[in-house]
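Biologist: Hey, can you pull up that model and walk me through it? I'd like to start with the ligands.

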Amino acid sequence: MGIKLIKISSVYFAIGVLLGYFMSTSHSYVLKGVHVHINLLGWIALTLAGILYYLFPSLAASKLCKWHFWLHNIGLPIMMLSLAIMIFTGIEALTVGTAIGATLTCLGVLIFVWNILKNLKGEHLGLFIQVFSFFFHSIIFLIFKIDENTIY
Ligand code: HEM
Ligand code: HEM
């Protein structure tokens with residue numbers, strides 16, 4: 001799930017910067033709200049979530065991860081497309097789409113937070129101790145080798 005999210009977020013990044021580029025060159029900032037949220041909720045938030053799911057397998061193993069994944073990835077496109085089409089066409093009824101998308105995204109984010117609070121554990125502590133002990137023993141071994149060389 002972590003890697004999938006990082007890949008999806010990079011697509012949001014491409015869309016977000018292209019939109020920023022379009023706004024800069026056209027001097028039209030009507031899509032600023034879309035640009036901002038695609039970059040922040042799509043690129044930044046999903047990359048961070050992806051890295052956390054990758055680093056902490058207990059987060060990714062939880063069902064909450066799947067819920068977050070789908071709610072965020074269904075909600076955000078609905079929210080962004082409704083907003084963009086509403087801005088271009090002026091069809092006010094599309095506010096409903098924006099609201100539904102925003103609600104799904106918020107639910108996804110709240111589930112992500114719940115997963116973090118419930119399941120995040122210091123899983124890398126064990127790995128850290130192993131790496132530390134490897135270096136510690138290597139240094140001790142090196143010292144003894146030097147001693148052996150000096151003795152014999
Ligand atoms: C080449 C890439 C980008 C370009 C050309 C670009 C362009 C723009 C433009 C033209 C605006 C409107 C400024 C205004 O209304 O005065 C803007 C606003 C903004 N952009 Fe970007 N952007 C880029 C990348 C990003 C990225 C990567 C992020 C976030 C991770 C980001 C976050 C924002 C935010 C938060 C605003 C709103 C700022 C405000 O209202 O004060 N942008 N950007
Ligand atoms: C589903 C969640 C979210 C919803 C429904 C939401 C909604 C909104 C709304 C209604 C505005 C005002 C837009 C305007 O006045 O044109 C806004 C502005 C803004 N939001 Fe969000 N937001 C959400 C999440 C976030 C997150 C997670 C970030 C940052 C990480 C963020 C950053 C911003 C910024 C920087 C602006 C100012 C943009 C500007 O200058 O026009 N939003 N948001």
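Modeller: Sure. One convention before we start: helices here are DSSP runs of at least four residues, numbered from the N terminus. Also, this is a predicted model.

Biologist: Fine. Which helix gives the most to the shell around ligand 1?

Modeller: That's H2, with 7 residues. Helix H1 (2-26) and H2 each supply at least two residues of that shell.

Biologist: And which residues come nearest to ligand 1?

Modeller: Val-17, Gly-20, Met-23, Ser-24 and Asn-39, out of 14 residues around ligand 1. By class, the ligand 1 shell splits into 8 nonpolar, 5 polar and 1 charged.

Biologist: OK, ligand 2 then. Which residues are around it?

Modeller: Around ligand 2 you have Lys-32, Gly-33, Val-36, His-37, Leu-40, Leu-41, Ala-45, Ala-102, Thr-105 and Cys-106. Two elements give two or more residues each to that shell: helix H2 (32-55) and helix H5 (95-119).

Biologist: Which of them gives the most to the ligand 2 shell?

Modeller: H2, with 7 residues.

Biologist: And how does the ligand 2 shell look by class?

Modeller: You get 6 nonpolar, 3 polar and 1 charged.

Biologist: Let's zoom out. How many helices and strands are in the protein chain?

Modeller: There are 6 helices and 0 strands. Read from the N terminus, the order is α-α-α-α-α-α.

Biologist: What share of the chain is buried?

Modeller: Buried residues come to 23% of the 152 residues in the protein chain. As for contacts, take those between residues at least 6 apart in sequence: 72% of them join residues at least 24 apart.

Biologist: Now helix packing. At what angle do H2 and H4 cross?

Modeller: Roughly 170°, and their axes come within 10 Å. That makes H2 roughly antiparallel to H4, as angles over 145 degrees count that way.

Biologist: Which residues of H2 and H4 meet?

Modeller: On the H2 side they are Gly-33, Val-34, His-37, Ile-38, Leu-41, Gly-42, Leu-46 and Tyr-53, and these meet Cys-65, His-72, Leu-76, Met-80, Leu-83 and Ala-84 in H4. That contact has 10 nonpolar, 4 polar and no charged residues.

Biologist: Gly-33 and His-37 sound familiar.

Modeller: Yep, Gly-33, His-37 and Leu-41 are also among the residues around ligand 2.

Biologist: What about H4 and H5, how do they pack?

Modeller: Helix H4 (residues 63-89) packs on H5 at about 155°, with the axes 7 Å apart. So H4 and H5 are roughly antiparallel to each other. The residues in their contact divide into 18 nonpolar, 11 polar and no charged.

Biologist: Is the H4 and H5 crossing left-handed or right-handed?

Modeller: H4 passes H5 in a left-handed crossing.

Biologist: Switching to single residues. Phe-69, buried or exposed?

Modeller: Phe-69 lies in helix H4 and is buried, since 22 other C-beta atoms fall within 10 Å and 20 is enough to count.

Biologist: What does Phe-69 touch?

Modeller: Leaving out residues up to four places away in sequence, Phe-69 touches Met-1 and Leu-5. Also, Phe-69 and Gly-50 are 9.6 Å apart, C-alpha to C-alpha, with their positions 19 residues apart in sequence terms.

Biologist: Last one: why does Thr-95 count as exposed?

Modeller: Because Thr-95 has 12 C-beta neighbours inside 10 Å, and 12 or fewer counts as exposed. Thr-95 is found in helix H5. The C-alpha atoms of Thr-95 and Met-79 are separated by 8.9 Å, and the two residues are 16 apart along the chain.

Terms used
Residues are numbered from 1 along each chain as its sequence is written. Chains are lettered from A and ligands numbered from 1 in the order in which they are written. This is a predicted model: local features need pLDDT of at least 70, side-chain atom pairs count only at pLDDT 80 or more; totals for chains, interfaces and linings use all residues. A residue is near a molecule or strand if its C-beta atom, placed from the backbone, lies within 6 Å of it. Ala, Val, Leu, Ile, Met, Phe, Trp, Tyr, Cys and Pro count as nonpolar, Asp, Glu, Lys and Arg as charged, and the others, Gly among them, as polar. Axes are lines fitted to C-alpha atoms, for helices over the stretch in contact, and angles run from 0 to 180 degrees between N-to-C directions. Angles under 35 degrees count as roughly parallel, over 145 as roughly antiparallel, 65 to 115 as roughly perpendicular and the rest as oblique. A crossing is left-handed if the near helix is turned anticlockwise from the far one by less than a right angle, and right-handed if clockwise. Two residues are in contact if their C-beta atoms, placed from the backbone, lie within 7 Å.
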